[in-house]
Amino acid sequence: MPASFIPYFLVAQRLGIALITLVIVSFAVFFATDLLPGDVAQILLGQAATPEAVAGLREAMGLNEPAIYRFLSWLAGLATGDLGTSYVNNMPVSQLIGGRLISSLKLAGVTTLFTVPIALSLGIGAAMARGSLFDRVVSILTISVISVPEFMIATLAVLIFAVWLGWLPALSYGVEVDSWGAMLRGYAMPVITLSCVVSAQMIRMTRAAVIDTINTPYVEMALLKGASRSRMVLRHALPNALGPIANAVALSLSYLVGGVIIVETIFNYPGIAKLMVDAVSTRDLPLIQSCAMIFCISYLSLITLADMIAILANPRLRH
Amino acid sequence: MTDIPLVSVRDLTIGATTDAGRRVQIIRGVSFDIAPGEIVALIGESGSGKTTIALSLMGHTRTGCEITGGHIRVGTSDITAMNEKARANLRGTAVSYVPQSAAAAFNPSQRLMQQVIEISAIHKLMSRSEAEKKAVGLFRALALPDPENIGNRYPHQVSGGQLQRLSAAMALIGDPQLVIFDEPTTALDVTTQIEVLRAFKSVMAKGGISGVYVSHDLAVVAQIADRLIVLKNGEIQEEGATQQILDAPAHPYTKELLAAFKPVTQVHAAFERDPKEQPVIEVDGLFAGYGLVMNGEPQIKILKNVSFKLERGRNLGVIGESGSGKSTLARAIAGIVPAYGGHILFDGKKQQLALADRSKEDLRIMQIVFQLADTALNPAHSIERILGRPLTFYHGMTGRAREARVIELLDMVRLPAALRHRLPGELSGGQKQRINLARALAAEPELILCDEITSALDSVVAAAILDLLKELQRELRLSYIFISHDLSTVQAICQDVLVMYKGEVVEALPAARMASDARHPYSRLLISSVPQLDTGWLSGLEQDPELLAAFSNR
Amino acid sequence: MTEKMLTLRLPTPRNLGYSFNWIGRIGLTIIVLWALVAIFAPWLTPYPIGEIVDWDYFGPMSHQFWLGTDYLGRDMLSRILMSARYTVGISLASVTLACTTGVIFGMAAAVIGGWFDILLSRMLDAFNGIPSLLFGLVVVAAVGSSIPVLILTLAAIYLPGAYRFARALAVNVNTMDFVTVARARGERTSYLILHEIFPNIIGPVLADLGLRFVFIVLVLSGLSFLGLGVQPPNADWGALVRENIEGLSLSSPAVVFPSIAIASLTISVNMFIDNLPIKIRDRSE
Amino acid sequence: MTNKIPTNWTGRDDAMVEHAIRRGASRRELLKMMLASGVGIAAGGSLLLSAGRAVAATPVSGGHLKAAGWSSSTADTLDPAKASLSTDYVRCCAFYNRLTFLNEAGEVEMELADSISTDDAVTWEVKLKKGVLFHDGHTLNSDDVIYSLKRHLDEAVGSKVNSIAKQITEVSKLDDTTVKIVLATANADLPTILALHHFMIIADGTTDFAKANGTGAFLCETFEPGVKSVAVKNPNYFKSEGPYLDSFEFFAITDNNARVNALLSGDIHLAAAINPRSLRMLEGHDTVRTSVSTSGNYTDLNIRLDLDPGSKAGFIEGMKYLIDREAIQKSVLRGFAEIGNDQPISAASRYHNPNLKPRDYDPERAKSLFDKAGLLGQTIPVIASEAAGSSVDMAVVVQQAGAQIGMNLDVQRMPSDGYWSNYWLKAPVHFGNINPRPTPDILFSLLYASDAPWNESQYKSEKFDKMMVEARGALDETKRTEIYWEMQEMISNDAGTVIPAYISNVDAVSSKLGGLKSNPLGGMMGYVFAEHVWLEA
């Protein structure tokens, strides 16, 4: 094939693999759900679940059809872009997810915009000043930050900024995002909390990757051209460290879609993670499936994106 | 030449700190001058400190090292007195550097032009367009193909020889008074090496630029340097005009160096084989390649219909330049790269083509030794473990017996028994290569495939290794297939030679009469390109440009 | 991540032929300290872990209760000491398990390559796609809750990450000549993996392990809400922070000290791993 | 890494409401009047109410209220029949009305019904208020009522009160504003039962509950299950009083701490059902106050009589002595509870048997009992879960007591998820959580009759069953009380349910919030707060 074609080929290949993975996941999730005791009818009725009531509700919900059949019909629907209808409240799943997905993505997006630059600059800084006091402080700091439980950071943030200082709202939800200021205020605390969780890995990986490239002859060559240390790192080391860095960033960020349940709970942010929890606890198969798909897709697309960046950053693969 | 030298170095001492924090002197009181327009060569084997000295002229020392004494003056500036910033200002403008491996010294993710003119950008010497114009001029001067556009390419898109010349352009862009060449041609094929040397020589002469040429290869240095400084263990052994040193070396070490170059006489078979014996190995119509295998054929085909026969006790040399497929041949024979066509007979016995299908015994009798000893030895294993494994694996040796044998093997390759507790990282290049060899011997093979095993070594060390190989051959009735790009080495040990080009054998010759018998134009080109220990050789060398154009891989 | 950060030029005693900088030593000391606490906890605790010793709740530090009391009025010191057992034990066990299996699979994938690699990678990616909440629930439902199950679950959750990481490293090492030599010698895959590749990736792997350890210590407390955690009245540090989180606004020691305990352990583990003792070797060049 | 938090699916909320109608309350007066003169009672209640308000601070109109419950999920619904979480009750109360409801005093008042009358407590006649408009503009009539009541009998609807509704054999239309209800057996409690939140009146033929169409004080502007709902004032509400708020927003903050903090930071005006532990956080904040309502809700330790170890004589009694009720009341519930005496009728009910004293904490006695049962020193698993409020802490308290007498109680915390379907009623020794029911009769028939669907301890006694039926029919008050007292005694002594305490409910509210009365009927003023409260400027 022509060299210039390689990236497209790679993309296609990645996408193919991603699709296969998705199918595997949906099956796995489905059987996992099926393994769980109690079904949606039983759980909906909760304490009021007298046998006959359950039976009646099951009948009405069409839960008596074999599970595999229900799954396949859901899959078939998915193929036509129909995510199915929630067992629990007969609303189309797409409608249930829609808004929440967007808010989840918003949060993830803002966090990314906030965290990535900081994490990268810290990592690069540490690499440049390797072995220096700054380097040590950063590495200890990163560990300390992630070793504080997420829910504690969140609660602390609320206490300080909302209750004691009253600068920020305690709830990230219901903030009218009319102005930039309002948005910043609204997102500040969840973002801070999440950053603490996801940045550590990025910082460490960035530092390692940059240090690896700093030891290469072409960076020494830059030095022998009279380049300043910053130029050496930023112009020569960094571009070649991009691949591994992108990978680390992607892995950390993949947490931001499905993993933010605690933040959603404490700041009452209507995201998709909480939706998933509800779905599982009500055994709402179509909803569970759709959420799982979304998590998986976001994870895979991030990984794929990272690969793409790695490819684009490397002329050898690009040309 | 004026009287005041451009560079003067006085009692330079450079110290290094080991892992354990122990201080060692690696340069011990070195003094020398370089006149304007003069090219001085620093000669010595690795560890002699030649590169360290050269870099110190730019005020740069590698991590762990630092200038502990003496003075370095370049032009009007006192390098040793300067702070890092002032030194940085000097780099690229007053003194510039041409690295050993341009392939590694170019940033893979930047276009060539950008890197070539970076110096002018860093020191704000001229506008970008001027710089580019100047660069193109240098490209032309350095006889680079398509000088207008080559700058737009990425490093991986040009050949090694071209990269090396580009790195020269990179060094010259800032009009330095002094250029440091750090083994600039070691990594190149002989045919390419000639062009590069020519290019260097002409631009240096035109600009009247002084140069420091670091190399272990006397023959190359002879072509380009006015004066030689012979180094060993961080001290100057001998210093003098090139011709004078070549003709009348005073210092024994210099003599030793030269000795490594004495033309080899015909090598005889190591021992008489009895005629009934089968050839140790016979290869017939071998095809091999890499990549995805589709309907029995790999995507990238390297070897095309290679056939040869090697009698017991004789050695076969395989020469050719990078990309000629000689290494692939070794790997195909060893089964690492399974051939997809042809036969391999060992001792008349047909061998499976794929490694996986061969029996332990078949694997044992044929061992392969790789070029780069550092990557061929597991850095995490002690020497004892490295040598011990094949003993256990093939001969089921353990405990005392094994240790005894390891010591024996070390002795065979002329290494002290104490070495067995070391890690590869702690050995010199030569020592590593010997261990590499000893590991092969541990299997007690009948045939050893030597893939460029001497090319990474200093000439003296390499010579020693070759002698070792010969001795071992006599003692152990071995046969070698000796793969190399360097004819003199091949001639030094082989009776027969295969010349390979683009995966095919273009000619098979008796080693002794190569120069006379070679018919195929490529073989002739190759042979004529080997540098001679004679200052006039390069300038006198007549080569058919078409031939060059046709065969040297740029 | 291999290279040791924070190495100091301070002279360090080399009686063992090892150089071990002070940061590494502090780390090790704290780890050992907690390990000892974990082992001898039952003899150290002033009160039974579950006993309500004070009608008041979120009590302050006092002579009677050194670290105050928790939300039920139980002695915090006793609870932290006892919890050390579960936090240290379970976390170490599962992180080791996750990394060992992950690394072995990763190396195998790199060495064997081909379909094995693709398949394994896909499967684990897929597993990553399954929400761990669902996974946790299924585990409880299927096999019930016990410490071993807990350990296995944690390990399972962190296996894919370790795998990905190890595989990337192993792929690089796998291209080295010495691996080819071993292959040409006819070595089995198991040998290639364990003897040729593993020693050369152990450094980064350890560093990675350090980071995972931190996460596992925290996730541990999360699992208890799925009924998968340590059963009451016992708890792990994370759970202690959780159950006393209301005390945060009162800056009660009941929430502060468990957090400190967690931080001290996780940080020291990383300090130790980043500064493992290095054997002193002098280059002969 | 942290997908794991408690799923807030506790059946606990379930019928938190019915608690509102804990006591058959006004039934005596009702009966008197009705039986004396077969005339229905006029709705004088509203007068009473307004009188009550007159003394209270003067209401302020307008404002946007933000209130936070403690649980919500995608299962949130506007279908009264399916209502199960506090959030559902609050919404239903805002958007719909019932035929009757119970005021702060627990007395039956008419809401949509103008009067309810009967001669024999079997056949009832319900007259509807005239000119009550649904949000969609159509006028309330018999058909709406008939549809609303009948759908509870249809299993496909999945009604929570299906079992209670079963006693209704006929609902028929006499005229546009009169409905006839016929019961299977005499039950004078019908007006009380009709006050259950599930019996909200919806428009005839309604099947889509994406938006609410009721007669309530607020119109449903937005409703996102598991997220929030926004309600705006109903301009033509049929009641003379209220609502005062222009609009109110209701959602849930599941994390107790977050809920309290949101209140403290002024992001919400009401934080429902806060953990007594966090009361200390409120101290020193004059912007907030609490409203406590004592309730009959309880978490009980269930020991099945039909399984080991419960089947061994003495074990259950032993456990009743082993449980340290004071510790539970003081430490676990922080004093916001009344100590219980192992039977379901709390002191708040007029049928509560005061002679029945709670058992003392007496480990020694328990020890001898266990010894007798031959269980001493054995390991007995005790199943608890976050699902049954405070059960885990209670379990630990018992466990400690057990440890002192060499009784090894192995507490096993199970996931909230699916607790009710997987462990409740099933495990030999487990915790449950029961919400109050309007009448002793419902409680008994639901929990202790031999054929009771939720017979937590598998208590079976023909005598008990007989007494239950007798009491239901017994129209003489003292007689009935007598019977109920004896039944309580039987449960307390013989049943396997250990009921250590009745748990109160604590709401924290902004001091701006006016009109919210501390309400004996449950949190958030019995979920009807929206139409009664106002925001001080």
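Hi everyone, this is a quick walk through one residue in chain A and one sheet in chain B. Just keep in mind that we're looking at a predicted model.

Okay, chain A to begin with. It has 15 helices and 0 strands. Its C-alpha trace spans about 85 × 65 × 35 Å along the principal axes. Of its 319 residues, 53% are buried. And if you take the contacts in chain A between residues at least 6 apart in sequence, 70% of them join residues at least 24 apart.

Now let's zoom in on A:Leu96, which sits in helix 5, residues 93–128. Is A:Leu96 buried or exposed? It's buried, because 29 other C-beta atoms lie within 10 Å, and the cut-off for buried is 20 or more. So who does A:Leu96 touch, leaving aside neighbours within four places in sequence? Its contacts are A:Ser86, A:Met91, A:Leu275, A:Leu287 and, over in chain D, D:Thr74. Take A:Leu275: it's 179 residues away from A:Leu96 in sequence, yet the two are 8.6 Å apart in space, C-alpha to C-alpha.

Right, over to chain B. Here we've got an open sheet of 4 strands, in the order 12-11-14-15, with antiparallel pairing. The edges are strand 12 (297–310) and strand 15 (349–350), and each of those pairs on one side only. Strand 11 (residues 281–294) and strand 14 (residues 341–346) run antiparallel and are joined by 5 bridges. If you want one to look for, B:Phe287 has B:Gly341 in strand 14 as its bridge partner.

Last thing: helix 12 of chain B, residues 326–334, lies across strands 11, 12 and 14. It runs at about 80° to strand 12. Thanks!

Notes: Residues are numbered from 1 along each chain as its sequence is written. Chains are lettered from A and ligands numbered from 1 in the order in which they are written. This is a predicted model: local features need pLDDT of at least 70, side-chain atom pairs count only at pLDDT 80 or more; totals for chains, interfaces and linings use all residues. Helices (H or I, at least four residues) and strands (E, at least two) are DSSP runs, numbered from the N terminus. A residue is buried if 20 or more other C-beta atoms lie within 10 Å of its own, exposed if 12 or fewer, and partly exposed in between; C-beta atoms are placed from the backbone. Two residues are in contact if their C-beta atoms, placed from the backbone, lie within 7 Å. Two strands pair if DSSP finds at least two bridges between them. Axes are lines fitted to C-alpha atoms, for helices over the stretch in contact, and angles run from 0 to 180 degrees between N-to-C directions.
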